[in-house]
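I opened this notebook to record what I looked up in one structure. The entries follow the order in which I made them.

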Amino acid sequence: MTTVTGTHVTDLYPSRGATEVTVPRQDPVVWGAPDAPGPFVPLDLQSFERDGFAAVDQLLTDDEVAVYKRELDRLVGDPAIRADDRSIVEPKTKEIRSVFEVHRISEVFARLVRDERVVGRARQLLGSDVYVHQSRINVKPGFGASGFYWHSDFETWHAEDGLPRMRTVSVSIALTENHDTNGGLMIMPGSHKTFLGCAGATPKDNYKQSLQMQDAGTPSDEALTDMASAYGIKLFTGRAGSATWFDCNCMHGSGDNITPFPRSNVFIVFNSVENAAVEPFAAPVRRPEFIGARDFTPVR
């Protein structure tokens with residue numbers, strides 16, 4: 001259990017020290033009751049408990065996908081959005097890579113966050129009301145868009161945003177076809193049961209570098225080799241409108257997209273209102289609120 005003494009919260013998951021460390025997961029995976037009402041059926045929850053993820057073949061209809069894809073294109077093409085600090089550009093091509101806090105920028109994506117097919121699943125998994133810790137659209141155009149290196153989101157959110165417990169879940173909703181060749185999401189099934197604390201201190205303003213190409217908070221080749229040997233790697237493919245829910249501690253990443261076929265998605269992170277962020281556990285300062293929210297208002 002997390003303990004609080006004054007304003008100090010005990011760190012159950014140490015990271016960013018002199019050496020890598022592994023810690024067995026100290027928290028439940030599915031916090032809600034197995035028979036809790038919601039979009040997930042009990043078999044889905046069992047699969048999530050075991051593997052750390054659950055895929056939904058068609059979360060959105062084709063018509064809905066078209067609406068969200070038009071909104072993504074509008075945001076990416078808006079010069080004011082490009083000039084906003086919440087937009088991250090590719091280091092080589094200077095094209096937009098991600099736009100953060102889209103549920104605040106766009107009412108279209110705000111409605112998606114409130115959609116019971118989306119937030120209802122988060123409540124089932126986390127066993128409480130939830131708020132949005134982070135939202136963004138990811139744009140992976142063809143011919144050279146860079147990937148995201150292997151990492152556990154929780155390692156960063158714990159170290160740099162101050163999330164105390166593993167009570168956070170992400171959903172990646174595809175707005176374009178996910179082929180097996182265009183830089184799709186890869187997860188090591190079962191890796192969510194072990195926390196890997198990475199070596200090395202967190203530089204000040206690390207987020208400015210890490211959102212383009214992650215360095216601090218990345219596992220060693222040896223650790224990744226051991227984990228891949230133990231768990232294997234699952235590559236997610238599917239049509240536009242499909243979705244993948246995954247636990248905050250899953251080891252995951254994605255490759256570059258060197259095909260002609262773009263891969264774009266909307267990414268929403270839900271955190272339990274009972275797991276509100278405190279001060280960072282292994283960083284000199286908090287990341288900006290558009291990356292790690294400090295507004296813990298439940299999604300309604």
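The entries below concern a predicted model and cover two helices, a cavity and two single residues.

Entry 1, helix α2. I began with α2, which runs over residues 62–77 and has 16 residues. I looked up its span from the first C-alpha to the last and found 22 Å, close to the 22 Å expected at 1.5 Å a residue. I then asked which residues of α2 are buried. Val-65, Tyr-68, Glu-71, Leu-72 and Leu-75 are buried. Viewed down the axis of α2, these buried residues fall within an arc of 130°, so they line one face of the helix. I next looked up what covers them. The cover includes the helices α3 (79–83), α4 (102–105) and α5 (107–114), together with the strands β7 (130–140) and β15 (263–272). The face turned away from the buried side carries the exposed residues Asp-63, Arg-70 and Gly-77.

Entry 2, Asp-63. I followed up one residue of that outward face. Asp-63 lies in helix α2. Its relative accessible area is 63%; because exposed means over 50%, Asp-63 counts as exposed. I also noted a pairing with Gly-241, which is 178 residues apart from Asp-63 along the chain. The C-alpha atoms of Asp-63 and Gly-241 are separated by 9.5 Å.

Entry 3, Phe-236. I turned to a residue in the loop between β12 (234–235) and β13 (243–247), namely Phe-236. Is Phe-236 buried or exposed? Its relative accessibility is 7%, and because buried means under 20%, Phe-236 counts as buried. Leaving out residues up to four places away in sequence, I listed its contacts as Phe-53, Ala-55, Asn-178, Gly-184, Leu-185, Ile-187 and Thr-244. I also checked Phe-236 against Val-139: the two are 97 residues apart in sequence and 17 Å apart in space, C-alpha to C-alpha.

Entry 4, helix α7. I found α7 (residues 153–161) mostly covered, with nine of its nine residues buried. Among them are Phe-154, Trp-157, His-158 and Glu-160. Just after α7, Gly-162 takes a positive phi of about 85°.

Entry 5, the cavity. I asked how many cavities of 30 Å³ or more the structure holds. I found one. The largest cavity contains about 70 Å³ of space. Eleven residues line this cavity, and the closest to its centre are Glu-160, Asp-205, Asn-206, Val-285 and Arg-287. I recorded the lining as five nonpolar, two polar and four charged residues. Glu-160 thus appears in two of my entries: it is buried in α7, and it is among the lining residues closest to the cavity centre.

Definitions and conventions: Residues are numbered from 1 along each chain as its sequence is written. This is a predicted model: local features need pLDDT of at least 70, side-chain atom pairs count only at pLDDT 80 or more; totals for chains, interfaces and linings use all residues. Side-chain values use heavy atoms; hydrogens and water are left out. Buried means under 20% relative accessible area, exposed over 50%, partly exposed in between (1.4 Å probe, protein chains only). The expected span of a helix is 1.5 Å times one less than its number of residues. The arc is that of the directions from the helix axis to the C-beta atoms. Contact means heavy atoms within 4.5 Å. On a 1 Å grid over the protein atoms alone, a cavity is a set of points where a 1.4 Å probe fits but cannot get out, and a pocket is an open set with protein on both sides within 12 Å along at least five of seven lines; lining residues have an atom within 4 Å of a point. Grid points are joined across faces, edges and corners, and a volume is the space filled by probe spheres set on the points. Ala, Val, Leu, Ile, Met, Phe, Trp, Tyr, Cys and Pro count as nonpolar, Asp, Glu, Lys and Arg as charged, and the others, Gly among them, as polar.
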